[in-house]
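Student: Please take one part of this model and go through it closely. I would like a connected account rather than a list.

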Amino acid sequence: MSIPERTLLILAQKINPHFSRIEKLPQSGSHRQYFRIFSERETIIGVYNKDVKENSAFFSFTRFFLTQNINVPKIVTVDETQQYYLLEDLGDETLFSFLTSHRKNEIIEEKVIDYYKKVLQQLPLLQLTGKRGIDFSVCYPRFAFDKQSMLWDLNYFKYYFLKLVNIPFDEQLLEDDFHRFIDFLMEPDSDYFMFRDFQSRNIMLAHGEPYFIDYQGGRKGALQYDVASLLYDGKADLSPQWREELLQFYLDELSNHITFNKTEFCKYFYGFVLIRILQALGTYGFRGYYEKKSHFLLSIPFAVKNLIDLLPKFEFGAHIPTLIGVIEQITKSDMVAACALPENMLTVTVTSFSYKKGVPQDLTSNGGGFVFDCRALPNPGRFPEYKNATGKDKAVIDYLENFPEVARFQELTAQLISQSVDNYLERKFSHLMVNFGCTGGQHRSVYFAERMVAYLKKEYPNVNVKLTNFNILVFTLFYLLLSHSGS
């Protein structure tokens with residue numbers, strides 16, 4: 001057990017001595033580490049973040065939001081170092097995962113849009129805390145989305161995207177455009193709370209309502225930015241029609257709280273859409289091209305699609321011909337287009353098997369992959385009450401998850417497999433095989449195969465993940481051979 005795991009479990013046990021197990025959650029784009037801590041009757045979320053200033057902003061914002069009846073997770077406790085803290089567990093479903101599971105091709109189910117409208121009803125309440133006493137002095141690293149913040153974002157885009165995808169530009173002319181663009185974006189009222197990363201993965205769905213998380217980067221800013229972030233969230237890929245309808249819905253909701261000019265609002269709105277997309281492209285370039293985390297490159301085509309949709313709307317008050325020229329080059333770049341990988345380019349086959357029947361053979365041309373031996377872990381198959389159950393059944397799951405070595409095994413295998421998936425995506429390989437084996441191929445191997453499939457589908461939505469049970473395949477082949485020989 002790592003130091004953060006041990007520290008958080010001890011912290012939880014001070015609240016409730018029945019908390020007995022901790023499980024690391026998949027790492028997101030941030031440096032924070034998240035864990036789920038279990039007792040027999042409840043779970044809580046543990047967080048480790050050594051950036052105390054960032055934590056202080058999160059604690060301060062959370063406490064104020066709760067006084068304003070805004071849906072955010074409750075803070076359970078904070079340790080004396082302020083590097084470890086416990087939060088209310090809101091589950092695993094985000095607005096993005098709900099959207100993904102309730103859309104077929106371009107068709108989004110109405111209940112998804114209903115959730116978006118619930119979010120946009122709450123957003124003005126969140127933003128107006130900037131006028132109602134929220135403490136901007138704790139904001140980190142900047143107290144406002146000001147000229148310096150915008151320049152950071154635009155230079156991030158320039159150095160980590162434009163230069164890495166070989167888009168030529170005149171440095172001085174582009175810099176001049178950046179400053180004119182920023183001057184334009186500084187014109188609207190900016191005394192509101194700006195969430196900063198208001199997108200579908202930072203909105204949890206719990207108790208039938210949206211809850212907001214990951215707002216520790218919040219600061220003072222204009223109203224338009226967060227709406228732009230949500231409606232032009234790349235992978236959410238909302239249609240232009242839905243974006244327009246939801247924007248009008250938000251404007252109507254906002255008018256219930258303040259008086260403003262809708263035409264004036266929209267004049268600046270698309271400028272904030274643009275700077276948000278450019279900031280996102282800088283992130284994708286840094287993570288994907290520079291850090292070689294190739295699954296970030298899969299987000300680039302969505303951002304470019306948004307830029308193409310935006311081009312006709314660029315007739316706003318800022319004169320930025322060089323920046324627009326650069327954007328037009330991005331939409332025509334072969335290197336950028338190469339990020340639009342064909343669907344199912346990489347297939348990961350996850351198999352559970354019994355060592356009694358042998359290790360599954362890779363039927364593709366790759367001839368390899370992973371074989372993980374689960375036999376060193378606690379075996380529920382030794383107990384009669386689990387004899388007819390499998391690794392899919394709650395009783396077996398509960399049994400296995402009582403052992404910290406099971407969580408550790410899952411964490412380590414996920415890290416190894418993710419490393420290969422990232423590499424295979426970058427090299428455009430077509431197949432990776434992952435096998436989990438145990439004595440009977442019924443309990444431990446099935447449990448880990450199920451968990452790995454869920455992990456891969458969540459972390460790599462553009463990868464085709466298949467689950468098989470080698471024991472069933474062997475039986476089916478044997479049956480087919482018997483049938484054929486008897487015909």
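Tutor: Angles here are taken between N-to-C directions, from 0 to 180 degrees, with axes fitted to C-alpha atoms and, for helices, over the stretch in contact. The model is a predicted one, and the part chosen is the sheet around strand β12 with the helix that lies across it. In this open sheet, four strands follow the order β13-β14-β12-β15, and their pairing is parallel. At the edges are β13 (370-373) and β15 (464-469), each of which pairs on one side only. From one strand to the next, the twist averages 15°. Helix α15, residues 444-459, lies across β12, β14 (431-438) and β15. Relative to β12, the helix runs at about 170°.

Strand β12 covers residues 347-354, and Thr347 lies in it. The pairing of β12 with β15 is parallel and extends over six bridges. Opposite Thr347 in β15 stands Asn464, and the side chains of Thr347 and Asn464 make a polar contact at 3.4 Å. Beyond its neighbours within four places in sequence, Thr347 is in contact with Ser430, His431, Leu432, Asn464 and Lys466. Is Thr347 buried or exposed? The cut-off for buried is under 20% relative accessible area. Thr347 has a relative accessible area of 11%, so Thr347 is buried.

Notes: Residues numbered from 1 in each chain as written. Predicted model: local features only at pLDDT ≥ 70, side-chain atom pairs only at ≥ 80, totals over all residues. Heavy atoms only, no water. Helix = DSSP H or I, 4+ residues; strand = E, 2+ residues; numbered from the N terminus. Buried < 20%, exposed > 50% of the residue type's maximum accessible area, 1.4 Å probe, protein only. Polar contact = N/O pair within 3.5 Å; in protein donor to acceptor, adjacent residues only side chain to side chain. Contact = heavy atoms within 4.5 Å. Pairing = 2+ DSSP bridges.
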